[in-house]
Amino acid sequence: MSTTKVFISIPWFLPAFRAGGPVQSIANLVREYRENITYFIFCSDVDLNGAALEKITPNEWVAFNDHTQVWYAGPEKISDTMVRQVAEVKPDVLFIIGLFSWHFNMVPLIYCKAPKKIISTRGMLHPGALSQKRWKKWAYLRLFKLLEYHYKVQFHATDEEEHQYINNFFDGIPDIFTAGNFPNVIGSLPLKQKEPGLLHLISIALISPMKNILLVLQALEKADAVITYDIYGPVKDLEYWDNCLAQIKKLPPNVSVINHKELKPGKVSAALAAAHVFILPSKSENFGHAIYEALSAGRPVITSYNTPWNQLRLSMAGYNVSVDDTSGISEAITFFAAMDEATLTQWHLGAIAYAVKAIDMEKIRSGYKAMFTP
């Protein structure tokens, strides 16, 4: 059987980690799905913050695993290099990750040739995502529709909700594949000792309005319990983080907030092991790898309804809350703070069971098989 060549265009890839979900999604994809596929990943040689990646060889194809090559493009003539490499590889499928990057989304869309072009929107058409930098995004998407690119490509959605957002935005025209994200399963971590009236929270996320960390901090202003809150993640929006810092100064003495900044993937398990509950009431999540990792580790999750992880309380796996007021978050924090260790153990097991039940690996594989068939 012949091998299908899949050329993936993405702004950042491992060892970059600061860009969050899309990097993890593609890393999991090339690890888990390898049925007669050869991947060629074209990305930048820097991380989200512009820091040069360590231990890479730029501007040539290097092996990531036995069926994946990566090209870490230097800053000079990225677009020209992209077009040239696509022409030389001659992929069967050009898989474009994202919508709004000139070099990594627009250039392959407009200038590169392949029998099959697929745009993976990665949640970027979710109303919550479009509300951020909205005028710039809407101007681009309006031009996209005027030039009728949605007739010329196919789209990738990671679930039925995203499928519907794409379909609605482009008036029912697009050809859309649905294939879920392969998860990173951490596995059960020992439960941290728990006493009523004490709670250790953790967030792992890019610091931006989308992740709603400020709302958590505002909710903590009303906390009566002794709370420790660990925040891990690079700052994407400095003005937003300044607002977070101002809010931290308003918190009562029973609440301690620790900003750890960045967290490399290899240290996620240790960070989760030190906490009781994961909290991230995102305005939207295409998947939410950090949320799933927490659930798989046995950490109940406080998150919004705008993620794939809903009906958490029914499964004793966590708490869903609103994205625009603090009352639900305060209620959830109070609920978990009051728990003793025996009760939290039940929720620990509920989170693990929820994570196992939520993922159908064979369904995900079949989705990618259909999408990557030339």
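Which helices each supply at least two residues of the lining of the second largest pocket? Select α12 (341-358) and α13 (361-372), and you have them. Helices here are DSSP runs of H or I with at least four residues, strands are runs of E with at least two, and both are numbered from the N terminus.

Before going on, a word on what is on your screen. This is a predicted model, in which local features need pLDDT of at least 70 and side-chain atom pairs count only at pLDDT 80 or more, while totals for chains, interfaces and linings use all residues. Residues are numbered from 1 along each chain as its sequence is written, and side-chain values use heavy atoms, with hydrogens and water left out.

**Stop 1: the pocket**

Stay with the second largest pocket, whose volume is about 450 Å³. Now select T158, D159, G180, A358 and K363: of the 17 lining residues, these are the closest to the pocket's centre. A pocket is an open set of points on a 1 Å grid over the protein atoms alone, with protein on both sides within 12 Å along at least five of seven lines; a cavity is a set where a 1.4 Å probe fits but cannot get out, and lining residues have an atom within 4 Å of a point. Grid points are joined across faces, edges and corners, and a volume is the space filled by probe spheres set on the points.

Colour the lining by class and you will find eight nonpolar, five polar and four charged residues. Here Ala, Val, Leu, Ile, Met, Phe, Trp, Tyr, Cys and Pro count as nonpolar, Asp, Glu, Lys and Arg as charged, and the others, Gly among them, as polar.

**Stop 2: the cavity**

How many cavities of 30 Å³ or more are there? The count comes to one. The largest cavity has a volume of about 90 Å³. To see its walls, select G123, L125, H126, D159, E161, E162, Y165, E285 and N286. That lining divides into two nonpolar, three polar and four charged residues.

**Stop 3: salt bridges**

Next come the salt bridges, nine in total; each is a side-chain nitrogen of Lys or Arg within 4 Å of a carboxyl oxygen of Asp or Glu. Start with R18 and D47, whose side chains meet at 2.7 Å, N to O. R18 lies in the loop between β1 (4-9) and α1 (21-32) and D47 in the loop between β2 (37-44) and β3 (61-65), so this bridge ties together parts that are 29 residues apart in sequence.

Are these two partners buried or exposed? R18 is buried at 13% relative accessibility, and D47 is buried at 2%. Buried means under 20% relative accessible area, exposed over 50%, and partly exposed in between, with a 1.4 Å probe and protein chains only.

Move on to R365 and E32, which form a salt bridge at 3.4 Å, N to O. R365 sits in helix α13 and E32 in helix α1, and the pair links parts of the chain 333 residues apart. E32 is partly exposed, at 22%.

Then pick R34 and D66, a salt bridge of 3.8 Å, N to O. This pair joins the loop between α1 and β2, where R34 is found, to the loop between β3 and β4 (68-73), home of D66, across 32 residues. R34 is partly exposed at 42%, whereas D66 is exposed at 69%. To finish this stop, select R31, E32, E362 and R365 together: salt bridges that share partners join them into one network.

**Stop 4: backbone details**

Most residues other than glycine have a negative phi, and most peptide bonds are trans. With that in mind, zoom in on the bond from L14 to P15, which is cis, with omega near 10 degrees. P15 belongs to the loop between β1 and α1.

Go next to K77, which is not a glycine yet has a positive phi of about 55 degrees. K77 is in the loop between β4 and α2 (78-89) and is exposed, with a relative accessible area of 63%. Q311 also has a positive phi, near 55 degrees. Look for Q311 in the loop between β13 (301-304) and β14 (318-321), where it is exposed at 57%.

**Last stop: helix α11**

End on E331, in helix α11 (residues 327-337). E331 is partly exposed at 46% relative accessibility. Add Y319 to the selection: C-alpha to C-alpha, E331 and Y319 are 9.4 Å apart in space and 12 residues apart in sequence.
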